[in-house]
Amino acid sequence: MRENTDYNAAACYWRVPLSELVGKTIVKLEQVDDWRELRFFCSDGTIYALHHIQECCENVYLEDVNGELSWLLDTPILMADEAQGETGMEEELWTEYRWTFYRFATRKGYVDLRFLGLSNGYYSEKMDFIRIPGEAVAKQGWIWNMGDV
């Protein structure tokens, strides 16, 4: 079941580089909608998300996690980057595909998230990293404090 994240239309304006996480401390991770979104709640109150802006004829999902997501918690992020993997066309299905890797490092270890995007070739096949503004956080009811985690 898809969670109602009615900020989808505005999310394209909230994109930030994944490297903005470097130096931040994540205190909570929240997986949403069968890995269609991963939210990062930081100790300074900032909320980020790896989010796919759904348009029409595409699908993006988490295929694999290398490392433990718990390694990202309660310690500063030392590295955060995105790398494009193989792209191509499934001729029989007339479907383009793209592998995208999101890599993180902390003192606890490295975590790699491998997403697969499929589309008809016109729509985006990757996740977007967004900083969710305060007004959207309030609208979603995500007002939280450190005592809640």
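Arg15 is partly exposed, with a relative accessible area of 46%, and I would like to begin with this residue, because its partner, Asp128, is buried at a relative accessible area of 9%. Please keep in mind throughout that what we are looking at is a predicted model. The side chains of Arg15 and Asp128 meet in a salt bridge, with 2.8 Å from N to O. This pair links distant parts of the chain, since Asp128 belongs to strand E8 while Arg15 sits in the segment before E1, and the two are 113 residues apart. If you are wondering how such pairs arise at all, side chains of opposite charge can pair when their charged atoms come close.

How many salt bridges does the structure hold? There are seven in the structure, and I will go through some of them. Lys24 forms one with Asp44, and here the closest N and O atoms are 2.5 Å apart. Again the pair links distant parts of the chain, with Lys24 in the segment before E1 and Asp44 in the loop between strand E2, residues 37-42, and E3, which places them 20 residues apart. Is Lys24 buried or exposed? Lys24 has a relative accessibility of 18%, and because the cut-off for buried is under 20%, Lys24 counts as buried. Asp44, on the other side of the pair, is partly exposed at 48%.

Another salt bridge joins Glu30 to Lys28, with the closest N and O atoms 3.9 Å apart. Glu30 is partly exposed, having a relative accessible area of 23%, and Lys28 likewise counts as partly exposed, at 31%. These two residues belong to something wider, for salt bridges that share partners join Lys28, Glu30, Glu37 and Arg39 into one network.

Let me now step back to the chain as a whole. The protein chain has one helix and eight strands, and if you follow the elements from the N terminus, you pass through the strands and arrive at the helix, in the order β-β-β-β-β-β-β-β-α. Of the 149 residues in the chain, 42% are buried. Among contacts between residues at least 6 apart in sequence, 66% join residues at least 24 apart. The accessible surface comes to about 8,100 Å², and carbon and sulfur atoms account for 48% of that area.

Some of those strands come together in a sheet, and as general background, strands of a sheet pair through backbone hydrogen bonds, either parallel or antiparallel. Which arrangement do we find here, parallel or antiparallel? Four strands form an open sheet in the order E1-E2-E3-E8, and their pairing is antiparallel. Strand E1, residues 26-32, and strand E8, residues 128-131, stand at the edges with a single partner strand each, so one side of each is left without a neighbour in the sheet. From one strand to the next, the twist averages 20°. Looking more closely at one of these pairings, strand E3, residues 47-51, runs antiparallel to E8 and is joined to E8 by four bridges. Asp128 returns here, for this residue in E8 is the bridge partner of His51.

Next, the nonpolar parts of the model. In soluble globular proteins, nonpolar side chains tend to be buried together. The largest nonpolar core has 21 residues, and those that touch the most other members are Leu21, Phe40, Leu50, Phe104 and Leu113. Two or more residues are given to this core by each of E2, E3, strand E4 (58-66), strand E6 (95-106) and strand E7 (109-119). Which residues does Phe104 touch, not counting residues up to four places away in sequence? Among them are Leu18, Leu21, Phe40, Leu72, Met79 and Leu113. Apart from this core lies another, of seven residues, including Phe41, Ile47, Ile132 and Val137.

I will finish with two single residues. Phe115 lies in strand E7 and is buried, with a relative accessible area of 3%. Although Phe115 and Gln84 are 31 residues apart along the chain, their C-alpha atoms are separated by 10.0 Å. Asp74, in contrast, is exposed, at a relative accessible area of 53%, and is found in the loop between E4 and strand E5, residues 79-90. What catches the eye in Asp74 is its backbone, for phi is near 60°, a positive value in a residue other than glycine.

Conventions. Residues numbered from 1 in each chain as written. Predicted model: local features only at pLDDT ≥ 70, side-chain atom pairs only at ≥ 80, totals over all residues. Heavy atoms only, no water. Pairing = 2+ DSSP bridges. Axes fitted to C-alpha atoms, helices over the stretch in contact; angles between N-to-C directions. Salt bridge = Lys/Arg side-chain N within 4 Å of Asp/Glu carboxyl O. Buried < 20%, exposed > 50% of the residue type's maximum accessible area, 1.4 Å probe, protein only. Core = buried A, V, L, I, M, F, W, Y, C linked by side-chain atoms within 4.5 Å. Contact = heavy atoms within 4.5 Å. Areas by Shrake-Rupley, 256 points an atom, 1.4 Å probe, with all protein chains shown as cover.
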